[in-house]
Amino acid sequence: MKELTPTVGPPKRSCAIAIVGGGVMGLSIAYQLARRGLTDVVVLERGYLAQGASGRNGGGVRMQWSTELNVRLMQESFVLCRHFALEIGVNVWFRQGGYLFLATREAEREKMERNVALQNRVGVPTRMLSPEEARAIVPELDVSRVVCACYNPKDGVLFPWPFLWGYAHQALARGVEVHLFTEVSAIERSSGGFLLHTSKGPVKAERVVNAAGAWSPQIARLVGVELPDRPHRHEILSTEPLKPFLTPMVSVLSSGLYFSQSMRGEIVTGITVEDHDDDQVKMGSRLKFLTTLARELVRVMPRLADVKILRQWAGPYDVSPDGAPILGEPPGVPGFYLACGFGGHGFMMSPVIGELYAEWLTSGRRHQVFDESRLDRFSKVRPPGGNGHEELIIG
Amino acid sequence: MSSKAIVCRCEDVTLDDVEHTIAIGYRSVEEVKRYTGLGTGPCQGKECMVHAALLCARASGAPPETIAPFTSRPPVAAAPLRIFAAAEKDDDDQAQR
């Protein structure tokens, strides 16, 4: 990969598309636009690359979902992840060790069987497992509470950071401007587009993409749009590196615990912890997370009790009311495109969403996901036959 | 000095790696950490972060005391999961920030 310096100095005076947010979503869109020849693009990132959720997630990538649209989108994202290293020229340590979901309540079985049937119909080789079969895959598991499991050997994990450098450098190489430490403070609507005021000077844009993740409601407010997504602090930790022993990502549905072994050898693990709703993004670490996680992880994997924790940190999920993303133009603001509300799944979705967004913005061909993810679904009764509610909001 | 001089022993990050990272535009300690992996190993930056900060200061000409360290992550020292698993449930609801 040719390594390139992020853009120095003020942004250009005008551009075709300004992307607010230099996380994986914004950079994926920028790269895919540039790859299609639309290089008059400016990415505005308020911090450094990997400062927000894109640099703070567990790197899980899976095709196990409960709606057909999400399964199909993630099948496509997988193809892009598999080709990423070759296409972009950077090693993202992508490893297909599978995802193993554990059900600890009998009531979870029916849903799990239904999801597996859906995934099989769409072409994902997930299969139901007995507790003993799950233990054959991860012998260190205590399966005494497990009633059943499902396993897709094709799911995987990757190391998030190089994804950002890869997209950024490839976009820069094609002429896209990528500005770091550049905050957008105001957006004026003008004839022929928008005028963005940034901490490094103004830039006019015919179209704007809001890919600011947990900060996207603040950006949308600059054009008078109220978004219903809210930041949610999600905490995670990493242990000392161990020799490779754990093949799949393992997740316990009832607690939201998930853990996998990265290519660096560390166990990377998180769990759902209740947090108070807040409009502000919070990234502080809490002892409550550490104790909640340690209790559940040691219960599921007793052999890990003596493994040392190296560090814990937090990242902001960008959660929409129904768990599905918010895409497309909000009513009344044509030319302003939303790419937010991914609820902790933005990283794994970003390869395919970047491709579909770039396809739409360059050719006008609009994928079904944009029709199913409109902002106005929250203000009216949903039509029958829609995407349906995604149930697998986890790791 | 040899370009293979080690700055971060845990993650095998060399002086050359750090200087290259700064040269291509990633000039804060947080960025050097993410671009090289410096400070993410067992010592969590206790050995290497000062060196990275000084290299950032040298490259920019800024006084070293103005260079911000990367965020310190709990726990203070590496500690086994069993300690936290055994903690009392009531004493653990304090937010840091």
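How far apart do the C-alpha centres of domain 1 and domain 2 of chain A lie? They lie 30 Å apart. This is a predicted model. Chain B meets chain A over a buried area of about 3500 Å², and a sheet of nine strands takes in strands from both chains.

**Domains of chain A**

- The domain assignment gives domain 1 as 14-55 + 161-229 + 322-379. Domain 2 is given as 96-156 + 232-317.
- Seven residues of domain 1 of chain A are in contact with four residues of domain 2 of chain A.
- The two domains of chain A bury about 610 Å² between them. Carbon and sulfur atoms give 65% of that area.
- The side of domain 1 that touches domain 2 holds three nonpolar residues, four polar ones and no charged ones.
- Zero salt bridges are found across this domain interface of chain A. The search for residue pairs in polar contact, both at pLDDT 80 or more, also gives zero.

**Interface of chain B with chain A**

- In contact are 36 residues of chain B and 41 residues of chain A.
- Three residues of chain B, Arg34(B), Leu81(B) and Phe84(B), supply 21% of the area that chain B buries against chain A. No other three residues supply more.
- Of the roughly 3500 Å² buried between the chains, carbon and sulfur atoms give 59%.
- There are 13 residue pairs in polar contact between chain B and chain A, counting pairs with both residues at pLDDT 80 or more.
- Four elements of chain B give two or more residues each to the side that touches chain A: helix 1 (15-23), helix 2 (29-36), strand 3 (79-80) and helix 4 (81-85).
- Helix 2 of chain B gives the largest share of that side, five residues.
- By class, the side of chain B that touches chain A has 15 nonpolar, eight polar and 13 charged residues.
- One salt bridge is counted between chain B and chain A. Its partners are Arg82(B) and Asp306(A), whose side chains meet at 2.8 Å, N to O.

**The sheet across two chains**

- Which strands make up the open sheet, and in what order? The order is 5(A)-6(A)-4(A)-13(A)-14(A)-15(A)-12(A)-16(A)-3(B), with mixed pairing.
- Strand 5 (127-129) of chain A and strand 3 of chain B stand at the edges. Each has a single partner strand, so one side of each is left without a neighbour in the sheet.
- Strands of a sheet pair through backbone hydrogen bonds, in a parallel or an antiparallel sense.
- At the junction of the chains, strand 16 (residues 308-319) of chain A pairs with strand 3 of chain B. The sense is antiparallel, over two bridges.
- Lys308(A) has Pro80(B), in strand 3 of chain B, as its bridge partner.
- Within chain A, strand 4 (residues 99-103) and strand 6 (residues 148-152) pair in the antiparallel sense over five bridges.
- Tyr99(A) stands opposite Asn152(A), which is in strand 6 of chain A.

**Links between distant parts**

- The whole structure has 24 salt bridges over all chains. One of them joins the side chains of Arg36(A) and Glu359(A), at 3.5 Å, N to O.
- Arg36(A) sits in the loop between helix 1 (24-35) and strand 2 (41-44) of chain A, while Glu359(A) is in helix 8 (residues 346-363) of chain A. The two residues are 323 residues apart, and their pair links distant parts of the chain.
- Leu4(A) lies in the segment before strand 1 (14-20) of chain A.
- Leaving out residues up to four places away in sequence, Leu4(A) touches His169(A), Leu172(A), Ala173(A), Ile24(B) and Tyr26(B).
- From Leu4(A) to Leu100(A) the separation is 96 residues in sequence and 39 Å in space, C-alpha to C-alpha.

**Backbone points to check by eye**

- Most residues other than glycine have a negative phi, and most peptide bonds are trans.
- Pro74(B) and Pro75(B) are joined by a cis peptide bond, with omega about -5°. Pro75(B) is placed in the loop between helix 3 (49-60) and strand 3 of chain B.
- Phe181(A) has a positive phi, near 50°, and is not a glycine. Phe181(A) is in the loop between strand 8 (177-179) and strand 9 (184-190) of chain A.

Technical notes:
Residues numbered from 1 in each chain as written. Chains lettered and ligands numbered in written order. Predicted model: local features only at pLDDT ≥ 70, side-chain atom pairs only at ≥ 80, totals over all residues. Heavy atoms only, no water. Contact = heavy atoms within 4.5 Å. Buried area = accessible area lost by both parts, 1.4 Å probe. Salt bridge = Lys/Arg side-chain N within 4 Å of Asp/Glu carboxyl O. Polar contact = N/O pair within 3.5 Å; in protein donor to acceptor, adjacent residues only side chain to side chain. Nonpolar A, V, L, I, M, F, W, Y, C, P; charged D, E, K, R; others polar. Pairing = 2+ DSSP bridges. Domains from an automatic or database assignment.
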